[in-house]
Amino acid sequence: MQQELAQPILFIDIDEDGKFLMSKKAVQFIQAIETNIAIISIVGQYRTGKSYLLNRFAGQQTGFTLGSSTNPCTKGIWIWGKRVESDNLTILLLDTEGLNSYERDQNNDARLLVLACLISSNLLYNVMQVIDEKSLETLSFTTNISKHLLGDDEFITQYLPSLTWVIRDFGLDLQGSTPNTYLEECLDEQQGFADEFKQRNQIRQAITKYFKRRNCYTLVRPVADERQLRELDKVVYSELRYEFKIQLNQLIQNTLLDIQPKMYKNTPLNGKRLIELVTQYVTTINNGSVPNIENVWDRILSKEFNKMMEKAKEILSSDISLPTTYELLFSNLHQISTKAQESILHYHIAPDRQIEGIVQLSKQITEKSQVLFQENYIKSKRTNQVISNKMYDILNQLSEQGKLVNVQHIIAQVNNIKKIYFQEAKPPSNYECYVQFLELVMQIIEKVANTMQMNFQRKEEDYKQEVNVLKSQINTLQEILKNEKENLHRQLDQVKTTLQEERIMYEKKLLELDNSGGIEFRKGELFENPDLFMKKELKNQQLQSQQTFNLTLKDINQKFMDLKEKLDDIYEARVEIERDKIYNKAMYDCKEQNQAQIDRIKLTYEGEVKILKEDRQRLQEQRELLQIQLTQKDCEFQILKERLKQIEKQKTKDIEHADMLCKISDQLVKALKKLEKKKL
Ligand SMILES: Nc1nc2c(ncn2[C@@H]2O[C@H](COP(=O)(O)OP(=O)(O)OP(=O)(O)O)[C@@H](O)[C@H]2O)c(=O)[nH]1
Ligand SMILES: [Mg+2]
């Protein structure tokens, strides 16, 4: 209860046309009660001390207004609250307008009685002095209850309250009998054949049929003084008659001890449900129709059930950040499922509705988990594809910029990218996406390899051409050299021939001179030493030829040197081609290794996925099993709780019974002793 009520408040007003009007203040107050509710109502003839008795139930001298005149005082229905924390129970006291008043018709009384019966756990039926035919007749609405309430008889009987007959100003001598026996005697079938008896018996049968739980209490006059009697609210408790106080306490204590939350179909009434129930009832009867309380209650419960399920669904749809690992996803899902189940188990509704809710929730959990697992996979794949695309773009850019120059470089880049990828990638599709990414990387590597191979081929061609040009140049030079050599030999031969001819000519001339006596002329150097002269001449000639030859030889040597340099260049180029060929081969080897690695990862991933799927399946089955067990245990727990309550109730009753028997036996013993004394 949000706040205790200092004073009773009007709950239902009845206007001149007999229409019921609910008070806003009371509705607000009742709706705020979240605990179970038990209602003690008092009904009965007007001006019979009902309001006074209920004030005593509230432990107060005043509260519900009393009237001292003969006019009816309480109008409509009034409530007052009393909270009993320990049992999660709020007890409401309900004071009603007096019945059989000249201001209202019988139909109005019946409606009021039906409403009080519907919502009460305990109905105090207040009568004066005796249980007479009139007081029985007042409950005659029960003989034709279907006029006021539609529904199965069994349902109606089950939900009618316990009936406590309170006889005020009771002065009869029960002659050792108890009030309960007195009540049962009054409800016994009347013997007689007249119609009057038939009708009387019908009323009695209806009362015993509908009010299975009933008992009776008697209260003597609270005070002897007539004046005080008219203004009892002014008489302090201590001044009340001792016997009245004893009886009053017994009535109050037993009633409060016995009080149970009002239940419909195993579901306790709380503030909101009570208001729903009364609203439906009031609306229907104001429209001139007869309420079907079972339908009304089913509607309320369905509404509540939907609310309970909505709450559970809301918990179930709590955000789980995706993508994530299977383990985390499973643990988060387990956490929200448990919360949702707890919200159902803690909901104040009948256990069978809770079980139904848990079963529905289980289905929702299964569907949710399927959706989540799929969504997680899709989101993870999307994220990983974005990362791998980024990585691919980097690699592709490097490749297009020609920065992937050799195999080592490519491997280094791929390893770097792999490291970044696994730092950023999200499970569960990280391995799968990596395999796909590697396939793309292989395309880049292939492209790079092709470009490198083409470059090598182009370079090889170029070198080959260059070698051919150099070869032809060498041939030409060799040819030139050969020709030069031949020329020199020819020239030498010519010089030789010329010298030979000159010698012959000079010899001839010498001979002629010898013959013509030109001795003086021979006295010259030539004549003095012609051989020496000739030798000198020849040596000069030889020296000149040697110089020419040397120059030519130097020239040839120079050309040889140039050729040699070119040959060296060609050789180096060939060496480079060979080296590139080796790199090329290594790159292909690496490509094959990568392919093998991809295959291996694929194999491992497929294995892992299979194991994870099997794990998920197993966990799913375990969870379902646990849920079923939980549901069963909860049912068993509820049943045991119910049985425990019944046993405790029975125990209390047995104790009371035993106490009563002890008292009776004590009284009997005393009476016997008195008798014995008298006899003596
Ligand atoms: N004789 C007698 N009078 C009582 C008793 N209790 C209360 N009264 C007096 O009866 C009168 C009516 O008391 P209420 O408590 O207002 O009676 P009620 O049944 O609530 O009356 P309505 O609201 O008009 O139906 C008052 O003058 C009380 O002092 C009782 O046990 N015996
Ligand atoms: Mg009253």
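Where is the place of G18, and between which strands? G18 sits in the loop between β1 (9-14) and β2 (20-22). The legends below describe close-up views of a predicted model.

**View 1. G18 in its loop.**
The loop that holds G18 runs between β1 and β2. G18 is buried, because its relative accessibility is 9% and the cut-off for buried is under 20%. Leaving out residues up to four places away in sequence, G18 touches N108 and R111. I285 is 267 residues from G18 along the chain. In space, the C-alpha atoms of G18 and I285 are separated by 10.0 Å.

**View 2. R111 and the residues it touches.**
R111 belongs to helix α3, which covers residues 106-119. Is R111 buried or exposed? R111 has a relative accessible area of 19%, so it counts as buried. Setting aside residues up to four places away in sequence, R111 touches G18, F20, Y281 and I285. G18, from View 1, thus appears again here as a contact of R111.

**View 3. N215 in strand β8.**
Strand β8 spans residues 214-218 and includes N215. Which residues does N215 contact, apart from neighbours within four places in sequence? They are L163, T164, W165, N180 and L183. With T164 there is also a polar contact, side chain to side chain, at 3.3 Å. S162 is 53 residues from N215 in sequence. The C-alpha atoms of N215 and S162 are 8.1 Å apart.

**View 4. The salt bridge of E432 and K381.**
E432 and K381 form a salt bridge, with 3.6 Å between the closest N and O atoms. E432 lies in helix α15 (residues 430-516) and K381 in helix α13 (residues 351-400), so the pair ties together parts that are 51 residues apart in sequence. E432 is at 15% relative accessibility and therefore counts as buried.

**View 5. The salt bridge of K591 and E446.**
The side chains of K591 and E446 meet in a salt bridge, 3.4 Å from N to O. K591 is in helix α18 (residues 530-679), and E446 is in helix α15. The two residues are 145 residues apart, and the pair links distant parts of the chain. Are the two partners buried or partly exposed? K591 is buried, with a relative accessible area of 13%. E446 is partly exposed, at 36% relative accessibility.

**View 6. The salt bridge of E576 and K459.**
A salt bridge joins the side chains of E576 and K459, at 3.6 Å from N to O. Here too distant parts of the chain are linked: E576 is in helix α18 and K459 in helix α15, 117 residues apart. E576 has a relative accessible area of 29% and is partly exposed. K459 is partly exposed as well, with a relative accessible area of 36%.

**View 7. The network of E133, R200 and R204.**
Salt bridges that share partners join E133, R200 and R204 into one network. How many salt bridges does the model hold by this rule? The count comes to 19 salt bridges.

**View 8. The contact of domain 1 and domain 3.**
The domain assignment splits the protein chain into domain 1 (9-291), domain 2 (306-400) and domain 3 (407-679). The centres of domain 1 and domain 3, taken over C-alpha atoms, are separated by 100 Å. The contact takes four residues from domain 1 and four residues from domain 3. What area is buried between domain 1 and domain 3? The area is about 310 Å², and carbon and sulfur atoms give 52% of it. L257, D258 and Q260 supply 70% of the area that domain 1 buries against domain 3, more than any other three residues.

**View 9. Polar features at the interface of domain 1 and domain 3.**
The side of domain 1 that touches domain 3 has one nonpolar, two polar and one charged residues. How many salt bridges are counted between domain 1 and domain 3? The count is zero. Across this interface there are also zero residue pairs in polar contact, with both residues at pLDDT 80 or more.

Note on methods: Residues numbered from 1 in each chain as written. Chains lettered and ligands numbered in written order. Heavy atoms only, no water. Salt bridge = Lys/Arg side-chain N within 4 Å of Asp/Glu carboxyl O. Helix = DSSP H or I, 4+ residues; strand = E, 2+ residues; numbered from the N terminus. Buried < 20%, exposed > 50% of the residue type's maximum accessible area, 1.4 Å probe, protein only. Domains from an automatic or database assignment. Contact = heavy atoms within 4.5 Å. Buried area = accessible area lost by both parts, 1.4 Å probe. Polar contact = N/O pair within 3.5 Å; in protein donor to acceptor, adjacent residues only side chain to side chain. Nonpolar A, V, L, I, M, F, W, Y, C, P; charged D, E, K, R; others polar.
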